[in-house]
Amino acid sequence: MTNCIESVATLNNGLQMPWLGLGTFTRDSGQAIQDMIADALSAGFRSIDTASIYKNEVSVGNALKNSEVARKDIFLTTKVWNEDQRKRRTLQAFEESLKRLGTDYVDLYLIHWPVADCYLQTWQVMEEIYRSGRAKAIGVSNFLIPHLEDILQNSDTVPCVNQIEFHPYLTQTELIKYCQNNKIQVAAWSPLMQGLIASEATLLRLAKKYKKTPAQIVLRWDLQHQVVTIPKSVTTNRIIENTQIFDFELSDQDMSIIDALNQDKHLGPDPANFDF
Ligand code: NDP
């Protein structure tokens with residue numbers, strides 16, 4: 001059900017995650033991050049996506065502390081960075097994130113990237129963290145099918161979420177199908193193609209047809225694909241605009257038209273080939 005901003009996906013461990021969340025990866029820092037989150041909470045967002053590498057967890061934590069929205073009503077995601085995996089300090093990194101965020105638990109903890117020769121061991125620590133109750137769910141990000149198969153074959157815990165680059169130029173249909181078949185919820189990063197949606201002719205045409213904006217068309221397309229979406233904006237009116245996606249439905253034909261924009265084009269790094 002994706003008919004209101006309170007709509008949630010149910011993860012494979014029963015935890016409920018809002019379909020719409022706020023991305024926070026931005027060069028802005030400090031007060032700008034806090035203002036963005038305050039605006040987003042006022043607009044109805046209840047899910048916030050951060051990561052230790054964004055260096056904004058303190059600001060995210062302050063924004064949550066200053067908000068009238070109770071911590072229990074927020075779905076908070078953060079991620080373990082690659083260097084912490086390499087140095088085998090995932091548990092310590094997690095505890096440092098909690099401290100910066102000013103909370104004693106996160107809703108979702110993710111392995112940020114599938115660092116070769118590390119991610120299986122990282123996953124074991126993630127399982128320990130999950131068992132301790134300090135992460136209500138654990139998952140992965142940027143994992144391709146072989147990485148997921150590796151986890152499924154070597155662990156009893158199926159990741160709750162795989163957060164991947166997903167937008168009209170990169171639809172990753174096989175990976176999405178694999179995740180859905182294995183009850184791994186897909187979440188889309190860079191859903192708005194880092195702003196490029198505003199100049200995509202097909203999206204502009206569909207926006208006119210539905211009396212919506214290109215951003216709203218793409219975010220709705222995510223929902224109808226059963227993909228959690230986490231657009232980032234520091235702009236108040238865009239933050240509000242990005243919530244207005246629950247009052248219309250794209251036809252099957254228009255869904256296919258957007259699907260056909262795929263170019264297998266990564267705007268960020270390709271998980272099959274990254275070196276950081
Ligand atoms: P997005 O696709 O969310 O695009 C953000 C850009 O779109 C900004 O320039 C923003 O501008 C603009 N924008 C936002 N709303 C609108 C709108 N309604 N109309 C037009 N333009 C709009 O890119 P991100 O790369 O930020 O991805 C989203 C989130 O995903 C990140 O913030 C982060 O939390 C996560 N992420 C995760 C990764 C991973 O490896 N797991 C990698 C990358 C991102 P402005 O802010 O100026 O309004």
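Ala, Val, Leu, Ile, Met, Phe, Trp, Tyr, Cys and Pro are counted here as nonpolar, Asp, Glu, Lys and Arg as charged, and the others, Gly among them, as polar. On that scheme, the shell around the ligand in this predicted model comes out as eleven nonpolar, twelve polar and five charged residues. There are 28 residues around the ligand, and D49, S190, L192, S233 and T235 come nearest.

Some of the contacts can be pinned down to atoms. On the ligand's nitrogen side, a polar side-chain atom of Q163 sits 2.8 Å from a nitrogen atom of the ligand. Oxygen gets its share too: the side chain of S190 puts an N or O atom 2.8 Å from an oxygen atom of the ligand, and P191 brings in a backbone N or O atom at 3.3 Å from a ligand oxygen. As for cover, the ligand on its own has 910 Å² of accessible area, and the protein covers 88% of that.

Then there is the space itself. The ligand takes up the largest pocket, which has a volume of about 930 Å³. Its lining runs to 36 residues, with F25, S190, P191, Q194 and K232 closest to the centre. Two elements, α9 (214-224) and α10 (236-241), give two or more residues to this lining. By class, the lining splits into 17 nonpolar, 15 polar and four charged residues. S190 thus turns up both among the residues that come nearest to the ligand and among those closest to the pocket centre.

The second largest pocket has a volume of about 270 Å³. Of the 15 residues that line this pocket, V8, P18, R46, D73 and I74 lie nearest its centre. Here the classes are six nonpolar, three polar and six charged.

Closed-off spaces round out the picture. Two cavities of 30 Å³ or more are present. The largest cavity, at about 50 Å³, is lined by M17, S47, D49, T77, L108, L110, V161, Q163, A187 and I230. Strands β4 (47-49), β6 (106-111) and β8 (161-165) each give two or more residues to that lining, whose make-up is six nonpolar, three polar and one charged. Two of these names are familiar from the ligand site: D49 is one of the residues that come nearest to the ligand, and Q163 makes the side-chain approach to the ligand nitrogen.

The second largest cavity has a volume of about 40 Å³. Its lining includes W189, H266, P269 and P271, along with N142 and E165, and divides by class into six nonpolar, three polar and one charged.

Notes. Residues are numbered from 1 along each chain as its sequence is written. This is a predicted model: local features need pLDDT of at least 70, side-chain atom pairs count only at pLDDT 80 or more; totals for chains, interfaces and linings use all residues. Side-chain values use heavy atoms; hydrogens and water are left out. A residue is near a molecule or strand if one of its heavy atoms lies within 4 Å of it. A polar contact is a pair of N or O atoms within 3.5 Å; within protein, one must be able to donate a hydrogen and the other to accept it, and residues adjacent in sequence count only if both atoms are side-chain atoms. Accessible areas come from the Shrake-Rupley method with a 1.4 Å probe; for residues, only the protein chains shown count as cover. On a 1 Å grid over the protein atoms alone, a cavity is a set of points where a 1.4 Å probe fits but cannot get out, and a pocket is an open set with protein on both sides within 12 Å along at least five of seven lines; lining residues have an atom within 4 Å of a point. A molecule sits in a cavity or pocket if more than half of its atoms lie within 2 Å of its grid points. Grid points are joined across faces, edges and corners, and a volume is the space filled by probe spheres set on the points. Helices (H or I, at least four residues) and strands (E, at least two) are DSSP runs, numbered from the N terminus.
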